Structure formats: C-alpha cells, structure tokens
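Colleague: Pick one part of this model and walk me through it slowly, please. I'm new to this, so explain the terms as you go.

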Amino acid sequence: SSVESVSHRGIMRNACLATYLLTIRLFSSGISSATPTEETNDAGNLMDFLDEPFPDVGTYEDFHTIDWLREKSRDTDRHRKITSKSKESIWEFIKSLLDAWSGWLVMLLIGLLSGTLAGVIDLAVDWMTDLKEGVCLSALWYSHEQCCWTSNETTFADRDKCPQWQKWAELMTGYTEGAGVYLLNYFLYVLWALFFSFLAVSLVRVFAPYACGSGIPEIKTILSGFIIRGYLGKWTLLIKTVTLVLAVSSGLSLGKEGPLVHVACCCGNLFCSLFSKYSKNEGKRREVLSAAAAAGVSVAFGAPIGGVLFSLEEVSYYFPLKTLWRSFFAALVAAFTLRSINPFGNNRLVLFYVEYHTPWYMAELVPFILLGVFGGLWGTLFIRCNIAWCRRRKTTLLGKYPVLEVIVVTGITAVLAFPNPYTRRSTSELISELFNDCGSLESSQLCDYINNPNMSRPVDDIPDRPAGPGVYSALWQLTLALVFKIVITIFTFGMKIPSGLFIPSMAVGAIAGRIVGIAVEQMAYHHHDWIIFKNWCRPGADCVTPGLYAMVGAAACLGGVTRMTVSLVVIMFELTGGLEYIVPLMAAAVTSKWVADAFGKEGIYEAHIQLNGYPYLDQDEFTHRTLATDVMRPRRNEPPLALLTQDSTTVEDVETLIKDTDYNGFPVVVSHESERLIGFVQRRDLILAIKSARQKQDGVVSNSVVHFTEDAPQIPASNPQPLKLRRILNLSPFTVTDHTPMETVVDIFRKLGLRQCLVTRSGRLLGIITKKDVLRHMAQMMNQDPESIMFN
Amino acid sequence: MSSSIAQNLRIAAVLLVFLVLIDVISLAYADKCICPPYRNISGHIYKKNVSQKDCNCLHVVEPMPVPGHDVEAYCLLCECKYEERSSNTIKVTIIIYLSVVGALLLYMLFLFLVDPLIRKHDPYTMPLQNEEDSEDVRPRVDGSQGRGNTVLERVEGAQQRWKKQVQEQRKTVFDRHKLLS
C-alpha cells in the first residue's frame with residue numbers, strides 16, 4: 001500500500017486538463033484505499049474547495065480509454081468488503097443498505113434536476129422567442145400566448161391578438177400598419193436575433209468551450225469508455241443551459257433535444273461526485289450516465305419510455321438490465337418534475353402534443369411510404385452535406401472565425417425567415433401548428449377551408465372540405481419554408497453554440513407531410529369517384545387527416561437522419577398519445593431507414609464520431625479474413641517491443657524507457673532471452689510508483705533493481721535495495737495467439753472493453769494490439785483514412 | 001461516508017425546497033370557450049374559472065345567447081379549452097434566468113477589463129494580506145508548499161486553475177479542432 005498511497009504530485013502538474021474543483025476533491029486517488037482524510041470529510045467546506053487539487057486526477061489520463069475489466073473487479077471488491085463488514089455491527093449493516101440505495105437516490109436527484117432545468121429552459125425560450133417581436137405590457141415576463149390568455153379584451157374576430165401585447169414598432173411609433181412599421185419590426189427582429197446569438201457564442205467561448213455542439217456524439221464516446229475531462233462539468237452544465245435558451249430564441253434552425261441530453265448527463269456526473277461508489281469507479285459512473293441520458297430525452301419529448309429506448313439504442317454502449325430499470329425511474333421522475341412545473345399550461349410536456357383519434361385507412365400507406373422514402377433521401381443528403389461542411393470548418397480558414405460565423409449565419413437566417421410567417425415563429429410552434437388538425441374555428445391561413453354554412457358537426461368530426469385560397473397560399477409559403485429549412489440546417493448544425501438536430505428534422509418532415517396530406521385530402525374530395533378513394537372515402541366523411549401525414553413525415557425525416565427505429569416510433573406515439581398510429585409510423589420509419597442505409601451505413605452521430613476520430617468501436621460486424629499478426633505492433637520495419645524484465649531492469653532503465661517512448665503500458669517478461677510473458681504494467685502506474693518510491697523509501701536509487709517477482713532476487717549486500725513493484729503489475733493480461741482471426745479479436749475488444757491485447761506464439765511474446773490499432777485497421781479495411789483515428 | 005450522506009441530504013433538501021417554491025400558490029386556471037357566429041349572434045369568447053371536469057360549453061357559456069332547444073346545436077360549434085398557469089412560476093423563472101445571464105455578463109466584463117488591472121498590483125499586496133488575515137489560516141491537511149492559505153489566496157488559486165483549464169479547452173475546441181468540430 002505504500003506504493004499506492006502516494007502523494008500524487010508534480011508529475012501531473014503540467015496536465016492543464018485538471019478537472020473542476022469539487023470533482024477533484026472528492027475524486028481523489030482512485031487506486032488507493034488509504035486516502036488522505038480530506039477526501040470525504042470536508043466536502044462541504046468552502047476552504048477545501050479552493051485547495052490545490054491533487055495533480056493526479058483520478059486514475060485515468062484525459063483522452064484515454066478506461067479499463068472496463070479493472071473497474072468491474074474493483075467494484076466487486078468494494079461490494080464484497082461492504083458485505084463482509086455488514087455482519088459486524090448494526091451500523092455497518094445500515095451503511096451497506098445505504099450503499100445499495102445510493103443508486104436509486106442518484107437517479108431521483110438526476111430526475112429532479114433535469115426536470116427543473118428543462119422547465120426553466122422551456123419557459124425562458126417561450127418568453128425570449130416572443131421578445132424578438134414584441135412585449136407584453138401588463139406583465140413583462142409573459143410571452144404572447146400567455147399575455148393574451150389572461151387578457152379579457154380579446155374579441156372573436158381577433159382571437160389571436162390582444163391589446164396588451166404590442167409589437168416593437170407599435171410600442172415605439174404608435175402605428176400598426178404601413179411599410180415603415182413592417183421594416184422597423186423586421187429590423188428589430190434581426191437585431192434581437194443577432195444579439196442573442198452573439199451573447200450565446202461569447203459565453204461559450206469565454207466560459208465553457210465544451211458546451212458547443214449537440215453533445216450526443218461525445219457522450220456516446222464517453223459511454224463507450226473514453227475520458228474527456230470537463231465535458232460533463234459544472235461550468236459546462238451552467239453555460240449549456242444558459243446558451244441553449246439564447247441559441248434557440250435567436251431563431252436559428254436548431255433544436256434543444258440533443259443539448260438536453262448533454263445537460264442531463266452533466267447532472268448525472270454532478271451527483272455521481274457525491275457518492276464515492278460512483279465517483280471512484282468509471283464503469284459504475286457510466287451506468288449512471290446512461291440513465292441520465294434517458295432522463296434527458298424524457299424531458300425533451302415528454303416520453304419516458306422513448307427516452308429509455310433512446311438511451312439503449314443510440315447512446316449507451318453497455319446496457320445491463322439493472323440500468324434499464326434505473327433509467328426508467330430517472331426518466332419517470334424527470335417527466336413528473338417537468339409536468340409539475342407545467343411550462344405550457346396544458347399539463348403536457350411538449351408543445352406539439354396532439355390528441356386525435358381519427359382512423360387511418362390502408363390505402364393511405366402508399367403516401368406514408370412515399371414520405372418514408374423522402375425522409376431517407378433527405379437524411380442521406382443532410383448527412384453528406386453537413387459532414388462536408390464540418391470538415392471544411394475543421395480544416396480551412398472558416399474554423400478560425402467561429403464568432404463571426406455564428407453571427408453571419410444568424411443574420412442570414414433572421415433576414416430570410418422574417419418575411420415567411422411559417423419561419424418567423426419558433427420551430428416548435430410551427431410543428432405544433434402542422435400537427436394539429438383544423439377545427440372549424442382555427443383562424444390560421446392553413447385552415448382556410450370553405451365551410452359549409454349549414455353544417456353543424458362537432459369540432460372534431462369535420463368532413464373533408466375544399467381548400468380556400470388561404471390554403472393555397474399557405475402551401476406556397478410552406479414549400480419555400482421547406483427549401484429554406486433544408487438548406488440552412490446544414491450550415492447551422494455543428495456551429496460553436498449548443499445545437500440540436502431533432503426539431504429541425506421534424507420540421508422538415510412535418511412540412512413535407514402536411515403538403516402531401518393536403519394534396520391527398522383535396523384529391524379525395526374532388527375525385528371521390530376514383531377507384532382508390534371510392535372504397536373507403538364517402539363524400540361527407542372525414543377521411544384524410546393532414547396532421548397525421550405531418551407526424552409521419554416528421555418521424556420519417558428524424559429516422560432518416562439518426563437511423564433510430566424502435567425508440568423513434570415509441571417517442572412519436574408517446575408524443576401523440578395515439579396507439580392506432582403505430583403502423584403508419586413504423587412503416588415510415590422502416591422505409592426511411594432502408595432507403596438511407598442504401599446510401600450510407602452511418603447516422604449523423606456516427607458520422608460525427610468518425611469525423612472527429614474518436615476511438616469508438618462500432619457494433620458492426622467485422623467480416624474480413626485478416627489475422628492478428630497482420631495488425632499487431634511492432635511491424636517488420638519498426639523498433640522492437642519495449643519490454644521490462646521481471647527482475648533485471650534498474651530504476652534508471654525504466655525511467656529512460658518512459659522518457660524515450662510514449663506507450664501507455666509495457667509488457668513484463670521473464671527475461672530478454674526467453675520472452676515468456678508475466679504480465680502488463682501501465683505507464684502511469686510506473687511513473688507514480690517510482691516517484692513515490694524515490695521520495696518515501698530509503699535506499700532506492702537509480703541503480704536499484706526493479707523486480708516484479710514475489711521475492712527479491714539474489715543480490716550481494718553491497719548493491720542498493722531492490723524495489724518491489726508487484727502491486728502495480730496486472731498478472732492477467734489478455735493474450736491471443738498470432739493466428740487468431742481479427743474477427744475474434746475485434747469481438748473481444750468490443751465485448752470486454754479492452755484497451756490492449758498481447759499477441760503470443762508458443763508462449764513467447766510477439767507483439768501488442770491496441771484499440772487504436774484495431775480502429776485503424778477497420779478504417780483501412782473500409783477504405784477510409786486510417787490516419788483519421790486521433791485518440792488512443 | 002457519513003458526511004457524503006449528510007451532503008446528499010442537504011442537496012436533496014435544497015432541491016425539494018426549490019421545487020416547492022417553484023410550484024407556488026397562485027395557480028390560475030380557466031376555461032375558455034370560443035363560439036363562432038351562429039345565425040344572428042356574433043362570435044364571442046367566454047372565460048370562466050372552472051375545474052377541468054366542468055370545462056364544457058354548458059358550464060362556461062353564461063349567459064346562454066340561444067333559447068333552450070338550440071343550445072345543443074350551438075354548443076356543438078363551440079370549442080372549449082382548459083388551461084392552467086402559474087404566473088409566479090413564470091415570473092420567478094424569468095427573473096432567475098435573467099439574473100444568471102446578467103451575472104455571467106458582469107463576470108465576463110470583469111475578466112476582460114478589471115482583472116488585468118488587478119493582476120499588476122498583486123506582487124505588492126500579497127505580503128500585507130498574509131499578515132492581516134493570519135487569523136483566517138486554517139490547518140491544511142495535505143501540506144500546501146507554502147502558497148499561503150488566506151481566503152483570497154485560495155480564491156485566486158482556484159480562479160487561476162479554472163482559467164488555465166478553460167484555456168486548454170478553448171485550444172482543443174477552437175484552435176486545434178480536436179473535439180467538437
């Protein structure tokens with residue numbers, strides 16, 4: 001234990017990537033059990049927050065992969081220790097119970113905080129989006145809808161307006177009509193949009209650069225075992241929440257769902273640091289983060305079950321059954337918290353909740369499948385264009401001016417969005433209007449149908465009606481909005497502000513779906529004697545619901561971009577509350593996935609992972625016939641393996657080896673002649689152990705022999721004292737023989753979460769395969785650039 | 001372990017209090033019925049504070065503009081919606097949000113304008129601080145290498161570490177484009 005309870009100072013001081021204060025304080029040195037006392041005792045003490053942190057930040061370095069097997073065995077040890085101690089006294093028994101419950105407590109806290117933050121975000125976005133156009137005079141903090149709802153002066157003719165809420169031009173000049181008024185409103189709209197986005201990008205740049213982007217590709221990588229320090233920290237949480245509101249309110253074509261997943265995972269990380277069970281064990285921490293991701297999607301869509309399935313399908317890497325139940329609990333608590341805040345006033349969690357039960361007909365599957373094809377094609381187009389643009393941003397001059405880029409894109413978006421009433425409002429409101437069926441009292445242009453004055457049917461059973469002129473002009477505007485959204489989202493996703501992808505994709509799909517729906521509706525009305533309509537559509541009946549087509553289109557486009565299947569359908573039908581629409585949604589989702597997969601295997605998140613070169617080992621099958629010898633290092637023209645022997649290396653040799661190479665670990669063999677394998681030792685552990693030994697143990701000098709054996713080697717008494725490092729040696733490294741097919745090797749890496757694997761032949765050590773080598777080999781086999789793998 | 005439990009309970013208590021405060025008393029709810037023009041009656045909007053189960057035309061539309069036998073036909077045309085709002089929640093949330101944004105803005109201005117000016121005076125003020133605040137010295141368990149342990153020193157140290165960290169993040173994301181490109 002003397003080796004392990006080292007004062008981890010000095011070596012890691014130059015690692016500028018130290019984590020945030022509280023996390024460091026409680027993180028401490030994960031290896032040792034004999035930790036310094038300030039680890040848990042003074043957690044609430046402000047002075048200790050400000051202490052200099054241990055330079056050893058946890059057990060893993062930044063941008064490295066964790067060792068899943070080691071984390072698992074450490075957790076088993078901890079659990080066994082607690083269980084054996086629990087029999088000693090009542091207090092120990094209670095402590096073991098609390099340890100078992102701590103998982104559920106963490107889930108509860110995550111749900112509460114995620115729900116609260118989502119409620120705050122929803123309310124603030126509501127208000128600030130309307131702030132671009134005007135202000136409520138009776139209560140400054142009300143949005144347009146809230147202001148008019150509480151007013152008593154709305155008339156039937158003007159049921160969407162009220163005198164309390166005034167546009168800026170009206171407030172400043174007193175007039176409501178005229179070209180000058182329109183231009184003034186236009187100008188102020190653009191000004192507000194620019195102000196919001198400038199504020200957002202400045203805050204991100206100054207306080208938390210990790211808060212930009214969607215966050216889901218990075219979280220996927222983190223959950224597969226990668227370490228990115230600070231990505232889930234407190235400042236990132238704060239800045240992401242604040243700037244998400246600003247980014248969405250500025251009218252840019254982005255959503256808040258992906259960033260909400262990041263926010264929820266930050267909450268998960270925050271609460272993990274309160275319990276040593278999770279803060280010291282990276283594997284257990286990732287279980288909590290999987291559940292937190294489920295809570296994030298749950299509050300974004302009001303879909304707890306969909307959130308759990310999303311976490312299972314898209315985000316998590318290992319998802320044991322225990323995590324399933326805990327994710328469900330976290331998602332439920334989050335949804336309940338959000339509902340109690342009730343940001344939209346209708347006790348629903350999402351703005352575009354619809355609830356109608358009109359049936360659909362078999363013949364309508366044809367347009368639904370067409371919408372699926374459209375979704376798949378759009379998904380492919382979007383992924384290719386967006387990746388090309390992001391690659392350009394990464395490599396050329398465009399990447400040097402992030403603030404300017406955000407401002408220019410916002411300016412273009414605002415200037416082009418204002419004239420079209422469908423793009424002027426927020427995207428969520430647009431989707432809500434497109435999803436909703438037209439009752440007889442809707443006053444929007446989209447619902448300008450020619451009503452039969454003698455008709456007296458209840459508002460939810462209106463028969464099909466011919467379209468009035470308002471509908472046709474709305475169709476033109478919607479088509480323009482569709483083209484605009486398709487183009488501008490390509491440039492918006494990936495900028496240096498929090499940006500999500502779900503809402504813009506759903507908007508594109510909803511617009512396309514509604515257009516198709518109105519077309520089918522009018523065809524059914526005017527040509528009800530055609531064979532395809534005759535069977536199921538009587539004149540005077542409510543056959544076609546364009547809102548349903550919008551929903552199906554939204555699902556198709558979202559599926560085409562993200563390649564989600566089951567979770568998408570569950571989210572959509574939790575959004576709509578209509579179980580009878582599962583079949584159309586499934587048909588569209590499956591079709592769009594087939595069409596999109598025909599052009600490229602990856603969804604948008606996998607494509608971004610590949611663009612950034614993250615070490616993410618895909619779940620796809622590896623079907624090439626290469627062997628382990630083809631991939632292992634060292635190759636023929638490379639220097640031989642850097643080895644340590646079990647009892648003939650000196651401290652100085654080890655230090656030279658560490659200085660000259662940058663390998664993450666070294667195999668330990670019996671001797672240089674017979675290279676029979678003993679074990680594997682990590683570079684980091686070696687550095688720390690030698691440093692500690694030099695400081696603490698007497699007689700350890702550069703000429704001291706390092707031995708990994710149980711007993712010290714036979715040396716004359718005049719030689720300096722040997723240094724025993726058996727504690728840091730991993731005696732059970734994974735080995736494969738040189739003729740093992742790479743298929744098996746990739747499978748082992750994926751299923752066990754290995755970082756490296758040693759290759760032997762008849763017991764002799766030949767070489768080593770690291771995860772980076774595996775990824776490079778897979779990239780090479782798929783004719784991609786193997787040099788794009790950046791990280792270990 | 002026990003103190004982490006204590007801290008957990010503290011945080012849980014704070015969260016619950018916060019939530020209760022948010023979902024505060026002045027819950028306003030109302031039912032709104034929109035009735036279109038019917039025969040010679042103009043369109044009108046009726047509002048009344050009723051609970052959700054009473055949210056229908058018969059309870060809300062008062063006084064009924066049509067005689068008894070026409071009520072059903074009239075009510076079929078009306079559309080009633082129930083909504084519940086808590087104006088205090090909205091006010092508190094917006095005010096909290098704006099104050100957070102304002103605080104961040106002020107801190108940003110401070111970092112850019114005031115901090116560089118303060119930094120220049122640092123080497124001269126530090127020895128004085130140590131003498132005055134010696135009562136505030138707390139025993140440090142891990143041995144600090146003599147960096148001084150007054151409150152201000154520690155705040156400075158923490159702030160410096162945080163700034164270095166953010167700078168490293170900025171280099172990774174904005175300059176080297178290693179992450180989040």
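Modeller: Let's take chain B, which has 5 helices and 3 strands (DSSP runs numbered from the N terminus: H or I of at least four residues for helices, E of at least two for strands). Starting at the N terminus, you'd meet them in the order α-β-β-α-α-β-α-α. Keep in mind that this is a predicted model, where local features need pLDDT of at least 70 and side-chain atom pairs need 80 or more, while totals for chains, interfaces and linings use all residues. Residues are numbered from 1 along each chain as its sequence is written, chains are lettered from A and ligands numbered from 1 in the order written, and side-chain values use heavy atoms, without hydrogens and water.

Chain B has 181 residues, and 40% of them are buried (under 20% relative accessible area; exposed is over 50%, partly exposed in between, with a 1.4 Å probe and protein chains only). Now look at contacts (heavy atoms within 4.5 Å) in chain B between residues at least 6 apart in sequence: 54% of these link residues at least 24 apart. On the outside, chain B has an accessible surface of about 10,600 Å² (Shrake-Rupley method, 1.4 Å probe; for residues, only the protein chains shown count as cover). Carbon and sulfur atoms make up 63% of that surface of chain B.

For a single residue, hop over to chain A: Val415(A) sits in helix H16, which spans residues 402-417. Why does Val415(A) count as partly exposed? Because its relative accessibility is 38%.
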